[in-house]
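Here is a short note for a first look at this model. Please keep the structure open and follow the points in order.

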Amino acid sequence: MNIDRRIRKRVKTLAMSLVLTFAVATPQSNASAQGILPKPQSYAPAKGTFHTRGRQVRVENRVGDIARNIYSEPWMAVSKGGARQVMIFDRLSPKSIAGLTLKDGAEAEAYQLHVSPDTILIRAASADGFRLAWATVRQLTTKKGVACCDVVDAPAYKWRSMMLDVSRHFRSIDFLKRQIDAMARYKFNRLHLHLTDAAGWRIEIKRYPRLTNLAAWRPYATWQEWTDNGGKYVEEGTPGAYGGYYTQDQLRELVSYAADRGITIVPEIEMPGHSEEVLAAYPELSCSHEPYKDSDLCPGSVATYDFMENVLLEVMDIFPSEYIHVGGDEAVMKAWDNCLLCQRMMKELHTDKAGLQAHLITHFGNFLNAHGRRLVGWDEVIASRLAPNTTVMVWRETDLARKAIEHGYDVVLSPGDYCYIDRYQDAPITQPTAMGGYLTLKKMYDYVPGDDLTADERRHITGLQANLWAEYIPSDEQMEYMFWPRAMAIAEIGWNGAEKKDYADFHRRALAECDTVRAMGIHAFDLRHEIGERKESFTPVKHKARGCRVTYNTPLHPKYTAGGEQALVDGVRGGWTYADKRWQGFTGTEGWCLDVTIDMGSIQKLHEVSAVFMQSLGPWIYYPTKYRVSLSEDGKTFTQVYSQDQPQRDPCRVGYRTQAWHGSRKARYVRVQGSCDTEFGWLFTDEIVVR
């Protein structure tokens, strides 16, 4: 009996310590709506504080188990019957949220919060609603207690997610838990795990042990080294082998950990493309039946369907998620041209290669439906004849969202220009290696999902997701650096909607939250010392060629015109990325891919001809390997005045180089030429300056 009493006392002491830890563990400089992220839909401040330190609290749970969670349990454990302060958990009434415009399904995550000096009242209709209310309470908490207020809140979107790529670089369970803790703070409700890709298979499948004995390991630590050296795999236990995988028990425990925090883990198993690792382990699933030859599963083979069904059965046994992601993106399909099985199936189906992929995706959509699950895929799956309960993740242009909606599918928006956080978040020359591009916190925050869709079409947008692909992110610290605080912008839009933008207000809250996530052990980007956009892009440059006629001796690429044929002499300089539509793009390995002639209108004395080129190795953008400047008085006879050859590729991943002639010559016509001798390579320049 005495032993039982001591145990109960220890449990009570532990519970009280959890309450006090809750009260002080999340520092908040200004516990008010001006500090909460994401911002609540409705907030009314009040005077006073519900003190938590050293106080006794009575808990009244009027709704049963749905109010019990990792945040409420410590309070329930120390509930004191005669305490003056009270914490009440009650059922949410529809009248309580009548003032909010809710999307379908939002009621399940809605909550009402009332805090006064003697009462915390939380009303919700579901366990998720109660957990989300606690996320707000935690942000309202200071060392003194919880700031008094009234909140009525519900999400703008039901799918609020981050995708982590653990294939290119394996991450530990502890790392994933740390991100889940932070995601719960900002009311995310899904974590999409990219578990399989060429760089490594990361999930134990007991029926197919070679997926983890071989396909989870490689001889090089970085993705770049591995791809540069042939992309081969090694056996588990090989000295120096790099990689790893999650056991099924580890993943079940992670699923439970996330669920306790209101987050569903959505697994992704790639098909039919991005499957090099599968085909190395089981080459009979490829068209050639040879390892290291194909990148796509063979959709004409019965073995492929048997294999993937067996894999998905084990995946579904681990992950209770209603949604299972099957990839479906970027299949090469080249081997299908010469595969007898693929050709026979295409003939039977009266279709082409795109239709063959659609057949495979449709099959697995039906398979998942038969097991009570729903298929999610990247926007390449739109062509498939999928069930109406399919969700399409649109990562390319919004027109594909419209097309998916026409098919009757729900859409999660994840466009690269706004949601791919593998891109540089500040001046690229100051940042660790990234995929390329430039995506700031502000640009993400300014995104309005579906702003070019009709109101009816927008009803099919169920949410948004940011994606963190890890090709160039070898360390945990760098992944967190890319993740935070940009994930906060997705949290703000996903929860609040943020259709009325106020970046100054959001930036202030994000600064405070950066301190919070650092206190949680997360290596966030230093937002306080952000450099910002390339300074040259803010001020038009004046020079003699501005507004002059430009003749393109080789074609300008139609996708990167920067507004038209005057863009090279409009005085407007580009920012850090070609995607800002201020840089003109040129490609081709034959001769001069950049070859333009500028007519100055009259013979003039010239002293300088210069152009800035960018290099970004992720999207295959290079400095010119050859560069020429020639001048002419009549437009027929040109004299070369500047020449520079750079046959060796510059080793820097990202940079900006000025190529310039300086001298003194009279001329009317200026010809600038540049070449790129790398297959699929690009040249980008923003302005040809003539002085």
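1. Start with the enclosed space. This is a predicted model. The structure holds three cavities of 30 Å³ or more. The largest has a volume of about 90 Å³. The second largest holds about 50 Å³ of space.

2. Next, the walls of the largest cavity. Its lining is made up of Tyr71, Glu109, Asp128, Arg131, Leu132, Ala135, Arg138, Ala184, Lys187, Phe188, Arg261 and Gly262. By class, five of these residues are nonpolar, one is polar and six are charged. Which element gives the most to this lining? Helix 3, residues 127–139, does, with five residues.

3. Now the second largest cavity. Tyr424, Pro428, Gly436, Gly437, Trp576, Thr577, Tyr578, Met614, Ser616, Pro619, Val654 and Tyr656 line this space. Two or more lining residues come from each of strand 21 (594–616) and strand 24 (654–675). By class, this lining has eight nonpolar residues, four polar and no charged. For contrast, recall that the lining of the largest cavity includes six charged residues.

4. Turn to the sheet. Six strands form an open sheet, and their order is 1-6-4-5-3-2. The pairing is mixed. Strand 1 (42–51) and strand 2 (57–61) are the edge strands, each pairing on one side only. On average, neighbouring strands of this sheet are turned by 15° against each other, direction ignored.

5. Look at one edge of that sheet. How do strand 1 and strand 6 run, parallel or antiparallel? They run antiparallel, and seven bridges join strand 1 to strand 6, residues 145–153. Take phenylalanine 50 as an example: its bridge partner in strand 6 is valine 146.

6. Go back to helix 3, which was met at the largest cavity. Helix 3 lies across strand 3 (85–91), strand 4 (111–116), strand 5 (119–124) and strand 6. Against strand 5, helix 3 runs at about 140°. Helix 3 thus has two roles in this note: it lies across strands, and it gives five residues to a cavity lining.

7. Last, a single residue. Threonine 212 sits in helix 5, residues 210–213. Is threonine 212 buried or exposed? Threonine 212 is buried, because its relative accessible area is 4%, and buried means under 20%. Leaving aside neighbours within four places in sequence, threonine 212 is in contact with Trp201, Ile203, Glu204, Trp217, Glu236 and Tyr245.

Notes: Residues numbered from 1 in each chain as written. Predicted model: local features only at pLDDT ≥ 70, side-chain atom pairs only at ≥ 80, totals over all residues. Heavy atoms only, no water. 1 Å grid on protein atoms, 1.4 Å probe; cavity = no way out; pocket = protein on both sides within 12 Å on 5 of 7 lines; lining within 4 Å. Points joined across faces, edges and corners; volume = space filled by probe spheres on them. Helix = DSSP H or I, 4+ residues; strand = E, 2+ residues; numbered from the N terminus. Nonpolar A, V, L, I, M, F, W, Y, C, P; charged D, E, K, R; others polar. Pairing = 2+ DSSP bridges. Axes fitted to C-alpha atoms, helices over the stretch in contact; angles between N-to-C directions. Contact = heavy atoms within 4.5 Å. Buried < 20%, exposed > 50% of the residue type's maximum accessible area, 1.4 Å probe, protein only.
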